[in-house]
Amino acid sequence: MAQTIAPVVSAAPRPDPAVAELLQTVVDTARAIFGAQASSIMLLDATADELIFEAVSGQGQEFLVGRRFPAGRGIAGWVTASGEPMVVDDLHDSTSFDRDIAESTGYVPNALMAAPLIRRDRVLGVLEVLDPSPQARSGLPELDLLGLFARQAAVALHVLTTHEPRPAPDAPDTPDDPSRTELRRLLSEARRLLGE
């Protein structure tokens, strides 16, 4: 019997605004660089064995953030389990592609690129680029570039999952830890790539 796909809104607390901004910048930049219809970051909730949309650019960005899907299904599930990136030029012929999940999001892509978000040998989630232009998925350099964006997202997720929330704006300043400094550096680099 097929598993019913019933995405639900995440009850998890919203991330630090700097992390949320970085994740959104990563998906916006990936979508622009690869000429894609959409891009997303899904975070692994290992306890529930689900992937949660944390940032979306393009198709579905109005309603997908916070939705959950089974972590063991589809290409995102394969990338999460294997820790390896994947490019699929024709999803019609892919046995890894889960059309039911895609249809439940309201957008069924024809091609995709996916890279794991890895921090210290632990997969935190997946960065996907849906329907990238054919030139943007032509080889290893493009997959390496997608991996760069995935590393940026992994740093942000590391900060999100291992550090205390930032103090209130009116709280006294405290010294920055190295992870927050790296997060700000990556955010600046992403802004530069966007030309902001």
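**Two cores and a few charged pairs**

In this predicted model, the largest nonpolar core holds 26 residues, and the members touching the most others are Leu23, Phe34, Ile41, Leu117, Leu127, Val129 and Leu146. Helix 1 (17–33), strand 1 (38–45), strand 5 (112–119), strand 6 (122–130) and helix 4 (140–162) each put two or more residues into this core. Helix 4 gives the largest share, with eight residues. That kind of gathering fits a general habit: nonpolar side chains tend to be buried together in soluble globular proteins.

Take a look at isoleucine 41. Leaving aside residues up to four places away in sequence, Ile41 touches Leu23, Val26, Val27, Ile52, Phe53, Glu54, Ala55, Leu117, Val126, Leu127 and Ala153. Apart from this core there's another one, of 22 residues, including Ala71, Val88, Phe97 and Leu130.

Now for the charges: the whole structure has three salt bridges. Arginine 68 pairs with aspartate 45 at 2.9 Å, N to O, and that links strand 3 (residues 68–70) to strand 1 across 23 residues of sequence. Arginine 68 counts as buried because its relative accessible area is 12%, under the 20% cut-off. Arginine 68 also meets glutamate 50 at 2.8 Å, N to O, with glutamate 50 sitting in strand 2 (residues 50–58), 18 residues away in the chain. Glutamate 50, at 23% relative accessibility, is partly exposed. Through shared partners, Asp45, Glu50 and Arg68 form one network.

Then there's arginine 73, whose salt bridge with aspartate 98 has its closest N and O atoms 2.7 Å apart. Arginine 73 lies in the loop between strand 3 and helix 2 (74–82), and aspartate 98 in the loop between strand 4 (86–88) and helix 3 (99–105). Both residues are buried.

Key:
Residues are numbered from 1 along each chain as its sequence is written. This is a predicted model: local features need pLDDT of at least 70, side-chain atom pairs count only at pLDDT 80 or more; totals for chains, interfaces and linings use all residues. Side-chain values use heavy atoms; hydrogens and water are left out. A nonpolar core is a set of buried Ala, Val, Leu, Ile, Met, Phe, Trp, Tyr and Cys residues joined through side-chain atoms within 4.5 Å. Buried means under 20% relative accessible area, exposed over 50%, partly exposed in between (1.4 Å probe, protein chains only). Helices (H or I, at least four residues) and strands (E, at least two) are DSSP runs, numbered from the N terminus. Contact means heavy atoms within 4.5 Å. A salt bridge is a side-chain nitrogen of Lys or Arg within 4 Å of a carboxyl oxygen of Asp or Glu.
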